[in-house]
Amino acid sequence: MLKELFGEGDEKLIKTALTHPSYTKENNISDLENYERLEFFGDSVLKLFTSKLLYETYPDFPEGELSKIRSILVSDAILAKVAEKIGLNKLLILGPSEEKQGGRKRESNIACSLEAILGAYYMSGKQQEIENFIREYILVYSEDIDKHFVKYNAKDILQQYTQGYNKTRPEYRVIGVKGPAHKPEFEIEVFWEGKSIAKSFGKSKKEAEQNSAYEACKVLNII
């Protein structure tokens with residue numbers, strides 16, 4: 001799938017971009033051979049091309065609006081969705097402990113690896129392929145984010161409200177997990193000042209937290 005999207009690239013860099021830190025640690029391999037350095041670089045590559053495409057796609061949007069949309073487009077939640085869509089989670093090289101703990105489905109793992117992949121292909125001279133990929137797989141979320149920004153950013157909105165009200169933060173608790181191990185669905189309840197405000201489901205803990213925060217915002221009439 002990666003070759004279909006980006007063409008040929010430096011195989012060593014691509015392998016490094018797919019290698020989780022748990023693998024190098026558990027096999028006594030140098031940290032330079034896991035994705036962390038490439039992720040650092042790929043994060044900048046992602047933001048550069050996403051910024052360029054947003055600038056071109058929305059010529060009438062002010063800087064603040066573009067920044068809001070970009071912050072969500074480059075978030076772990078969106079990147080993890082994209083990474084799963086292209087099957088990147090199946091290619092991850094994990095240590096045994098991380099594999100057992102469901103690391104192949106962990107949002108942060110696959111999002112970081114995707115950033116590293118972008119860094120690896122940039123180093124391989126695939127700038128146009130990267131731009132095409134971001135346009136087709138990531139920028140497609142921008143219109144929905146613009147229309148439903150509150151839903152995508154509900155956790156931050158809720159926390160700003162509670163901290164502004166009495167300098168406290170909401171608390172999120174997992175109250176249930178259902179479905180098969182390879183495809184769990186989490187139920188999370190959000191509490192504030194020790195009281196339950198709302199609860200909701202999600203395919204990951206982060207998604208369930210965002211959904212429950214959105215419901216809490218509605219209950220509190222913040223939105």
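Colleague: I'm new to this one, so let's start near the beginning of the chain: does Glu-11 count as buried or exposed?
Modeller: Keep in mind that this is a predicted model, so local features need pLDDT of at least 70, side-chain atom pairs count only at pLDDT 80 or more, and totals for chains, interfaces and linings use all residues. Residues are numbered from 1 along each chain as its sequence is written, and side-chain values use heavy atoms, with hydrogens and water left out. The cut-offs for relative accessible area are under 20% for buried, over 50% for exposed and partly exposed in between, with a 1.4 Å probe and protein chains only. Glu-11 comes out at 61% relative accessibility, so the residue counts as exposed.

Colleague: Which helix holds Glu-11?
Modeller: Helices (H or I, at least four residues) and strands (E, at least two) are DSSP runs, numbered from the N terminus. By that numbering, Glu-11 belongs to the run covering residues 11–18, which is helix 2.

Colleague: And how many Å apart in space are Glu-11 and Ala-120?
Modeller: In sequence, these two are 109 residues apart. Going C-alpha to C-alpha, though, the spacing between Glu-11 and Ala-120 is 9.0 Å.

Colleague: Stepping back, how many helices and strands does the protein have?
Modeller: Across the C-alpha trace, the protein spans about 50 × 50 × 30 Å along its principal axes. Its secondary structure comes to 13 helices and three strands.

Colleague: What radius of gyration does the protein have, and what would a compact globule have?
Modeller: The radius is taken over C-alpha atoms, and the globule rule is 2.2 Å times the number of residues to the power 0.38. For 223 residues that puts a compact globule near 17 Å, and the protein agrees with its 19 Å.

Colleague: What share of the residues is buried?
Modeller: The surface first: the protein exposes about 12,400 Å², and carbon and sulfur atoms supply 50% of that. That area comes from the Shrake-Rupley method with a 1.4 Å probe; for residues, only the protein chains shown count as cover. As for the 223 residues, the buried share is 43%.

Colleague: Among contacts with a separation of 6 or more, how much comes from residues 24 or more positions apart?
Modeller: A contact here means heavy atoms within 4.5 Å. Of the contacts with a separation of 6 or more, residues 24 or more positions apart account for 57%.

Colleague: On to charges: how many salt bridges does the structure hold?
Modeller: To qualify, a side-chain nitrogen of Lys or Arg must be within 4 Å of a carboxyl oxygen of Asp or Glu. Counted that way, the number of salt bridges is 15.

Colleague: Which residue does Asp-43 meet in a salt bridge?
Modeller: Asp-43 lies in helix 4 (residues 36–57), and so does its partner, four residues away, about one turn of the helix. Asp-43 is partly exposed at 23% relative accessibility. The N to O distance is 3.4 Å, and the partner is Lys-47.

Colleague: What separates the closest N and O atoms of Glu-99 and Arg-104?
Modeller: Glu-99 counts as partly exposed, at 36% relative accessibility. Its salt bridge with Arg-104 has the closest N and O atoms apart by 2.6 Å.

Colleague: Which residues do salt bridges with shared partners join into one network?
Modeller: Start with a pair in helix 13 (residues 205–219): Lys-218 and Glu-215 sit three residues apart, about one turn of the helix. Their side chains meet in a salt bridge of 3.4 Å, N to O, with Lys-218 partly exposed at 37% and Glu-215 partly exposed at 27%. The network joined by shared partners consists of Lys-52, Glu-56, Glu-131 and Arg-135.

Colleague: What is the phi of Lys-167?
Modeller: Most residues other than glycine have a negative phi, and most peptide bonds are trans. Lys-167 sits in the loop between helix 12 (154–166) and strand 1 (171–178), and this residue is exposed at 77%. Although Lys-167 is not a glycine, its phi is positive, about 60 degrees.

Colleague: Last one: what does Asn-211 contact beyond four places in sequence?
Modeller: Asn-211 is in helix 13. Its C-alpha atom and that of Ser-200, eleven residues apart along the chain, are separated by 5.8 Å. Leaving aside neighbours within four places, Asn-211 is in contact with Ser-200, Phe-201 and Gly-202.
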